[in-house]
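Okay, thanks for coming, everyone. I'll take a few minutes to walk you through a structure that may be new to you, so have a look at it first.

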Amino acid sequence: MKMAAGQTIEIVYVDKAGKITQRRIEVKGIRDGRIRATCLTTGAPRVFLAANILAWQPVAEKRYA
């Protein structure tokens, strides 16, 4: 499974200080090992290093009848 722009995913990420966080993001673009995204918790734009993502999975879309 490959990550793509426009996709909403949940990641487990380790930052440069070594702190591990879990967050839900909307991917805006991927280039040169960097993932531009919007953090859906804070609404802030962020850049994540792909090498620092420990795990990720797509977020299932909610469907309404």
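**A walk through the sheet**

Let's start with one spot: I9 stands opposite P58 in β5. One caution before I go on: this is a predicted model. I9 also has a partner in β2, where I25 stands opposite.

So let's look at the strands around that spot. β1 covers residues 8–14 and pairs with β5 in the antiparallel sense, over five bridges. Another facing pair here is I11 and W56, with W56 in β5. β1 also pairs with β2, residues 20–31, again antiparallel, this time over seven bridges. Those two strands, β1 and β2, make a hairpin with five residues between them. If you look in the turn, G18 has a positive phi of about 90°.

Now zoom out. In what order do the five strands of the open sheet come? They run β4-β3-β2-β1-β5, with antiparallel pairing. At the edges you have β4 (45–49) and β5 (53–58), and each has a single partner strand, so one side of each has no neighbour in the sheet. Neighbouring strands are turned by 45° against each other on average, if you ignore direction.

Next, the aromatic rings. How many aromatic pairs does a search of the whole structure find? One. That's Y13 with F48, edge-to-face, 5.0 Å centre to centre and 80° between the planes. Y13 sits in β1 and F48 in β4, so this pair ties together parts that are 35 residues apart in sequence. Buried or exposed, Y13 and F48? Both are buried.

Last topic: charges. The count is three salt bridges. One of them joins the side chains of E10 and R24, at 3.3 Å from N to O. E10 is in β1 and R24 in β2, 14 residues apart, so to speak a link between distant parts of the chain. E10 has 18% relative accessibility and counts as buried, because the cut-off for buried is under 20%. R24, at 39%, counts as partly exposed.

Then there's K28 with E26, whose side chains meet at 3.2 Å, N to O. K28 is partly exposed at 41% relative accessibility, and E26 is partly exposed too, with a relative accessible area of 26%. R31 and D32 form a salt bridge as well, at 3.8 Å, N to O. Both R31 and D32 are exposed.

That's my tour, thanks for listening.

How values were computed
Residues numbered from 1 in each chain as written. Predicted model: local features only at pLDDT ≥ 70, side-chain atom pairs only at ≥ 80, totals over all residues. Heavy atoms only, no water. Pairing = 2+ DSSP bridges. Helix = DSSP H or I, 4+ residues; strand = E, 2+ residues; numbered from the N terminus. Axes fitted to C-alpha atoms, helices over the stretch in contact; angles between N-to-C directions. Phe/Tyr/Trp six-rings, centres within 6.5 Å; stacked < 30°, edge-to-face > 60°. Buried < 20%, exposed > 50% of the residue type's maximum accessible area, 1.4 Å probe, protein only. Salt bridge = Lys/Arg side-chain N within 4 Å of Asp/Glu carboxyl O.
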